[in-house]
Amino acid sequence: MANLQALIARAYSAFNNRDVDGALALMSEDISWPKASEGGRVVGKEGIRAYWTRQWVDFDPHVVPIEVIDRGAGKTDVKVHQLVKSRGGAVLSDSEVWHVYTIANGLIERMDLKESDGSSDLGPSAAFSKH
């Protein structure tokens, strides 16, 4: 669990610091990621780089993990506080959401969004991804 906690902490820290290379280093080559602010998914590190770069032109997301739950079998739920501001500083979203990670061989393979009650995959309300 210590390695899992460290992986999650490093990933969110890299995202919040706009250290794309640092975040991508924690992901598998064929990472699958939700495009929360655009809809759909992106696969692969360069796709995530492009998505985040587009997103950060319009939004200033900051995501902090609150709770990490190891579900076993490579599944990890992370409750996060997500604060999303416009580039001008206006608060667009201030909420708690759940991210569900699939982790294998010490790398993030997939991230999904889940509603607070633990039910379905969610669209526009992610973290690591924002809004």
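Select Leu26 and show what surrounds it. Leaving aside neighbours within four places in sequence, Leu26 is in contact with Leu7, Arg10, Ala11, Leu107 and Ile108. This is a predicted model, so read the side-chain placements as such. Leu26 itself belongs to the loop between α2 (20-24) and β1. Is Leu26 buried or exposed? Its relative accessible area is 5%, and because buried means under 20%, Leu26 counts as buried. For a distance to check in the viewer, pick the C-alpha atoms of Leu26 and Ala11: they are separated by 6.8 Å, with the two positions 15 residues apart along the chain.

Next, select Trp33 and Trp52. The two rings form an edge-to-face aromatic pair, with 5.7 Å from centre to centre and 85° between the planes. Why does this pair tie together parts that are 19 residues apart in sequence? Trp33 lies in strand β1 (residues 27-34) and Trp52 in helix α3 (residues 45-58), so the contact between the rings joins the strand to the helix. Colour by accessibility and both Trp33 and Trp52 come out as buried.

Widen the selection to the other rings. Tyr12, Phe15, Trp33, Trp52, Trp56 and Tyr101 are linked by ring pairs into a cluster. Over the whole structure, the search finds 6 aromatic pairs.

Stay with Phe15 and add Arg18. The charged end of Arg18 sits over the Phe15 ring, 5.4 Å from the ring centre. Then move to Trp98 and Lys114 for another arrangement of this kind. Here the charged end of Lys114 sits over the ring of Trp98, at 5.6 Å from its centre.

Now switch to a cartoon of the full chain. How many helices and strands does the protein chain have? There are 3 helices and 6 strands. Stepping from the N terminus, the elements follow the order α-α-β-β-α-β-β-β-β. Helix α3, which carries Trp52, spans residues 45-58, and α2 covers 20-24.

Finally, show the surface. The accessible surface of the protein chain is about 6200 Å², and carbon and sulfur atoms hold 50% of that. Of the chain's 131 residues, 44% count as buried; Leu26, Trp33 and Trp52 are among them. A contact map gives the last view: among contacts in the protein chain with a separation of 6 or more, 49% are between residues 24 or more positions apart.

Terms used
Residues are numbered from 1 along each chain as its sequence is written. This is a predicted model: local features need pLDDT of at least 70, side-chain atom pairs count only at pLDDT 80 or more; totals for chains, interfaces and linings use all residues. Side-chain values use heavy atoms; hydrogens and water are left out. Rings of Phe, Tyr and Trp (its six-membered ring) pair if their centres lie within 6.5 Å; planes under 30 degrees apart count as stacked, over 60 as edge-to-face and the rest as tilted. Helices (H or I, at least four residues) and strands (E, at least two) are DSSP runs, numbered from the N terminus. Buried means under 20% relative accessible area, exposed over 50%, partly exposed in between (1.4 Å probe, protein chains only). A charge sits over a ring if NZ of Lys or CZ of Arg is within 6 Å of the ring centre and within 35 degrees of the ring normal. Contact means heavy atoms within 4.5 Å. Accessible areas come from the Shrake-Rupley method with a 1.4 Å probe; for residues, only the protein chains shown count as cover.
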